[in-house]
Amino acid sequence: MLLYSRPGHVELLPALPSAWAAAGSVSGIGVRGGFTADLTWRAGRVTQVRLTSVGGRGTTLVANGRPRQITLRPGESVTLRNL
């Protein structure tokens, strides 16, 4: 599983298959609560994520075990690197 979401909460790479852990990326994943996500990982850890609001306002993003509060207006996006 690359992403788990429910309204108000997004968790990245909660159950990454070991065959994919070395490195990878995915884009355009739909996130419950009105967002999309593009993410990149290396050695089983998220290295970059771009969260885009399609109508959502706020959510808690958990990457590499660290929660971050994200607030966006519809149409806005944020890119987090070196997580």
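R73 is exposed in this predicted model, with a relative accessible area of 54%. R73 is also one partner in a salt bridge with E76, and the structure holds 1 salt bridge. An open sheet of 4 strands and the surroundings of V78 are the other topics covered here.

**Salt bridge**

- The closest N and O atoms of E76 and R73 are 3.2 Å apart.
- E76 is partly exposed, at a relative accessible area of 29%, whereas R73 reaches 54% and is exposed.
- Side chains of opposite charge can pair when their charged atoms come close.

**Open sheet**

- The strand order in the sheet is β1-β2-β6-β7, and the pairing is mixed.
- β1 (3-6) and β7 (66-71) are the edge strands; each has a single partner strand, so one side of each lacks a neighbour in the sheet.
- From one strand to the next, the twist averages 20 degrees.
- β1 and β2 (residues 9-12) run antiparallel and are joined by 4 bridges.
- S5 has V10, in β2, as its bridge partner.

**Surroundings of V78**

- V78 belongs to strand β8, which covers residues 77-81.
- V78 is partly exposed, with a relative accessibility of 25%.
- Apart from neighbours within four places in sequence, V78 is in contact with V49, R50, L51, I70 and L72.
- The C-alpha atoms of V78 and S53 are 9.0 Å apart in space, while the two residues are 25 residues apart in sequence.

Key: Residues numbered from 1 in each chain as written. Predicted model: local features only at pLDDT ≥ 70, side-chain atom pairs only at ≥ 80, totals over all residues. Heavy atoms only, no water. Salt bridge = Lys/Arg side-chain N within 4 Å of Asp/Glu carboxyl O. Buried < 20%, exposed > 50% of the residue type's maximum accessible area, 1.4 Å probe, protein only. Pairing = 2+ DSSP bridges. Helix = DSSP H or I, 4+ residues; strand = E, 2+ residues; numbered from the N terminus. Axes fitted to C-alpha atoms, helices over the stretch in contact; angles between N-to-C directions. Contact = heavy atoms within 4.5 Å.
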